[in-house]
Amino acid sequence: MKDIQTMICDITSLDVDIIVNAANKSLLGGEGVDGQIHRKAGKELLDECKRLNGCNTGEAKMTSAYKLPCDRIIHTVGPIYKKGNNNEELLSNCYKNSIALAEKYRVSNNLEEITIAFPCISTGVYGYPKKEAARVVLNTLKSLNYPNINVILSCYNENDYQVYMSVK
């Protein structure tokens with residue numbers, strides 16, 4: 001990564017190239033950031049998501065952003081946390097696959113560099129322990145070699161921000 005920033009902000013208000021949606025497998029909207037993105041983007045997002053036929057855990061798919069200030073939305077499905085499952089690999093794959101899609105977008109649009117913003121994936125209703133998730137996220141991002149991609153880790157609140165700061 002070119003740069004990794006952590007900030008407290010509303011991801012739906014960011015004027016960046018791409019925001020990531022912590023989606024459910026249907027991609028048809030849900031709770032938390034997923035519902036907020038769908039509400040603010042407008043019904044056209046739901047219409048496009050219906051044509052994508054869902055998304056598996058750890059995978060990622062891209063759509064237009066419609067009424068949001070960003071250019072694109074990458075939808076990724078984080079794991080529902082259960083002890084003993086391959087939670088770490090699946091969560092890491094959310095970030096790897098999203099970054100790979102962002103790079104394809106950058107190259108196909110002949111952009112020198114882009115910025116992608118991630119919410120805290122799987123740490124809400126999916127129950128992933130926040131500190132453990134932050135460790136997985138930061139280790140994954142630091143292991144990737146995409147020198148033309150800037151990352152924003154968008155924290156919904158001060159608590160989430162402090163968790164990331166304690167892991168950095």
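Biologist: Which residue stands opposite Ala117 in S5?

Modeller: Ile19 does. Keep in mind that this is a predicted model. A residue contact like this belongs to a strand pairing, and S2 and S5 pair in the parallel sense over 2 bridges.

Biologist: In what sense do S5 and S6 pair, and over how many bridges?

Modeller: That pairing is parallel too, and it runs over 5 bridges. One place to look is Ile114, which stands opposite Ile149 in S6. Between the two strands, the chain passes from S5 through helix H4, residues 130–143, and on to S6. This β-α-β crossover is right-handed.

Biologist: How do I read the side chains along a strand?

Modeller: Begin with the general idea. In a regular strand, side chains alternate between the two faces of the sheet. Now the case here. From S5, Ile114, Ile116 and Phe118 point one way. Thr115 and Ala117 point the other way.

Biologist: Are those S5 residues buried or exposed?

Modeller: They are all buried. The cut-off to apply is under 20% relative accessible area. Since 5 of the 5 residues of S5 are buried, the strand is largely enclosed by the rest of the structure.

Biologist: And Ile149, the S6 partner of Ile114: buried or exposed?

Modeller: Its relative accessibility is 0%, so Ile149 counts as buried. For a sense of distance, take Asn21. The C-alpha atoms of Ile149 and Asn21 are separated by 18 Å, and their positions lie 128 residues apart along the chain, counted as sequence separation.

Biologist: How many aromatic pairs are there?

Modeller: The count comes to 2. Tyr95 and Phe118 form one that is tilted. Read two values: 4.6 Å centre to centre, and 35 degrees between the planes. The tilted label covers angles that are neither under 30 degrees nor over 60.

Biologist: Which parts of the chain does that pair link?

Modeller: Distant ones. Tyr95 sits in helix H3, residues 87–108, and Phe118 in strand S5, residues 114–118. They are 23 residues apart. Both Tyr95 and Phe118 are buried.

Biologist: Next, open space. What volume does the largest pocket have?

Modeller: About 580 Å³. Then check the lining. It has 26 residues, and Glu31, Gly32, Val33, Cys120 and Gly124 lie nearest the pocket centre. Strand S2 (18–23), helix H1 (32–41) and strand S6 (149–155) are the elements that give two or more residues to this lining.

Biologist: Which element gives the largest share of the pocket lining?

Modeller: H1, with 4 residues.

Biologist: How does the pocket lining split by class?

Modeller: There are 12 nonpolar, 9 polar and 5 charged residues.

Biologist: Now closed space. How many cavities of 30 Å³ or more does the structure hold?

Modeller: It holds 1. The difference to keep in mind is access: a 1.4 Å probe fits in a cavity but cannot get out. The largest cavity has a volume of about 60 Å³.

Biologist: What lines the largest cavity?

Modeller: Cys120, Thr123, Lys130, Ala133, Ala134, Asp160, Val163 and Tyr164. H4 and helix H5 (158–167) each supply at least two residues of that lining. By class, the cavity lining has 5 nonpolar, 1 polar and 2 charged residues. Note Cys120: it is among the residues nearest the centre of the largest pocket, and it also lines the largest cavity.

Methods:
Residues are numbered from 1 along each chain as its sequence is written. This is a predicted model: local features need pLDDT of at least 70, side-chain atom pairs count only at pLDDT 80 or more; totals for chains, interfaces and linings use all residues. Side-chain values use heavy atoms; hydrogens and water are left out. On a 1 Å grid over the protein atoms alone, a cavity is a set of points where a 1.4 Å probe fits but cannot get out, and a pocket is an open set with protein on both sides within 12 Å along at least five of seven lines; lining residues have an atom within 4 Å of a point. Grid points are joined across faces, edges and corners, and a volume is the space filled by probe spheres set on the points. Ala, Val, Leu, Ile, Met, Phe, Trp, Tyr, Cys and Pro count as nonpolar, Asp, Glu, Lys and Arg as charged, and the others, Gly among them, as polar. Rings of Phe, Tyr and Trp (its six-membered ring) pair if their centres lie within 6.5 Å; planes under 30 degrees apart count as stacked, over 60 as edge-to-face and the rest as tilted. Buried means under 20% relative accessible area, exposed over 50%, partly exposed in between (1.4 Å probe, protein chains only). Two strands pair if DSSP finds at least two bridges between them. A crossover is right-handed if, with the strands pointing away from the viewer, the path from the first strand over the helix to the second runs clockwise.
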